[in-house]
Amino acid sequence: DVTNNRATIYHYNGTNWSVQRNIDGVQLFSVFALNAANVWSAGTDFNNLRGTIYRYNGTNWTEQANTGASDITFYGITALDSLNVWAAGHDNTNNRGTIYFYDGANWTEQANTGTSDIQFNGIMALNTTNIWATGYDTTNTRGTIYHFDGTDWTEQANTAHRAIVFRGIFAITGATYGWAVGEDNDNVCGTIWDMVLLTTTASTAVAGASDKSTKCFIATAAY
C-alpha cells in the first residue's frame, strides 16, 4: 500500500479477495504457502532498514524474524516444511546477494555472493538438495541462476552480456524442467526462459516501445 507506506496481505476464499493484514513500515515482496496454517512472507522493514519475515499460523500474521542491523531486502521465499525455509534477496550494506535458511529454530545466512553485486529476486526448493535462485548480476550486467545441491550454492547459468533481470523461477523435476521469468532490458520486453536450455521461449514487447522489441525472440545463451 504505497499511499499508506505499509504492506498489505490479501486472502482469497474461493470467491472474493479481501485484506487480511496491514503492516505499517514494511514492504513484502514474496509469499509462499505450505498449507492454510503455514504461510510465509518476506520483504524489508524500511523504518528500521532490515530484512523481515512474517509467518501466518492460520489465525495471525506475526514477524518471525528480522536481520537486526543488517540492511537486507528479501525478494523471494520458499519452504519445504516448517524446518526448511529459505529467503533470498540483496544485502544492501555489502552490495551482494544473500540467502538465509531457517531450520525450525533460527534464521542464519547460508550463502552470499561475496564481491559480486547480485540481487536475488526468486527462489524455489524442490527438496533439500535441489534449490534454485534467480536474479540479476549488477556487476556483470546479466541475469543469473544459482543452484544449491545440499552443500554449496553455485552459479548454474547466466545470460552472458544480456541485461536480463529474472524476477521469478519455477521448477518441477530437478534439473529437467524449469522456467525463469523477468524482463529483457536490452530489448524492452518481458521474457520467459527455459531453465534447462536457457533460451527464450516467449516474450512480450512493451506497448509503445522502440523497435528493439523485435529482437526479443533471439536471446540465447549457453547452459
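## Close-up views of a predicted model

**View 1. The second largest pocket encloses about 240 Å³ of space.** Welcome to the first close-up, taken from a predicted model. This pocket has 16 lining residues, and S30, V31, G76, I77 and I123 are the ones closest to its centre. Where do the walls come from? Four strands each give at least two residues to the lining: β3, β7 (72–81), β11 (118–127) and β15 (164–171). What kinds of residues line the second largest pocket? Sorted by class, its lining holds nine nonpolar residues, six polar residues and one charged residue.

**View 2. The largest pocket holds about 310 Å³ of space.** Here 17 residues form the lining, and I9, Y10, V31, V39 and W61 lie nearest the centre. If you follow the strands around this pocket, you will find that β1 (6–12), β3 (26–35) and β4 (38–45) are the elements giving two or more residues to the lining. Which of them gives the largest share? That is β3, with seven residues. The lining of the largest pocket is made up of eleven nonpolar and six polar residues, with no charged ones. Take a moment to find V31 here: this residue is named among those nearest the centre of the largest pocket, and it is also listed among those closest to the centre of the second largest pocket.

**View 3. D45 and R50 are joined by a salt bridge.** Their closest N and O atoms lie 3.4 Å apart. Is D45 buried or exposed? With a relative accessible area of 8%, D45 counts as buried, because buried means under 20%. A search of the whole structure turns up four salt bridges, and the pair of D45 and R50 is one of them.

**View 4. R142 takes part in a salt bridge with D137.** The closest N and O atoms of R142 and D137 are 3.5 Å apart. How accessible are these two partners? R142 has 18% relative accessibility and counts as buried. D137 is buried as well, at 2% relative accessibility.

**View 5. R142 also meets E155 in a salt bridge.** Between these side chains, the distance from N to O is 3.7 Å. The pair connects distant parts of the chain: R142 sits in strand β13 (residues 142–148) and E155 in strand β14 (residues 153–158), with their positions 13 residues apart in the numbering. E155 is partly exposed, and its relative accessible area is 31%. Which residues share this network of salt bridges? D137, R142 and E155 are joined into one network through shared partners.

**View 6. The whole chain contains 18 strands and zero helices.** Stepping back helps to place the close-ups. The chain has 223 residues, and 45% of them count as buried. Looking at contacts between residues at least 6 apart in sequence, 30% join residues at least 24 apart. The chain exposes about 10,800 Å². How much of this exposed area do carbon and sulfur atoms supply? Their part is 48%.

Conventions
Residues are numbered from 1 along each chain as its sequence is written. This is a predicted model: local features need pLDDT of at least 70, side-chain atom pairs count only at pLDDT 80 or more; totals for chains, interfaces and linings use all residues. Side-chain values use heavy atoms; hydrogens and water are left out. Buried means under 20% relative accessible area, exposed over 50%, partly exposed in between (1.4 Å probe, protein chains only). Contact means heavy atoms within 4.5 Å. Accessible areas come from the Shrake-Rupley method with a 1.4 Å probe; for residues, only the protein chains shown count as cover. On a 1 Å grid over the protein atoms alone, a cavity is a set of points where a 1.4 Å probe fits but cannot get out, and a pocket is an open set with protein on both sides within 12 Å along at least five of seven lines; lining residues have an atom within 4 Å of a point. Grid points are joined across faces, edges and corners, and a volume is the space filled by probe spheres set on the points. Ala, Val, Leu, Ile, Met, Phe, Trp, Tyr, Cys and Pro count as nonpolar, Asp, Glu, Lys and Arg as charged, and the others, Gly among them, as polar.
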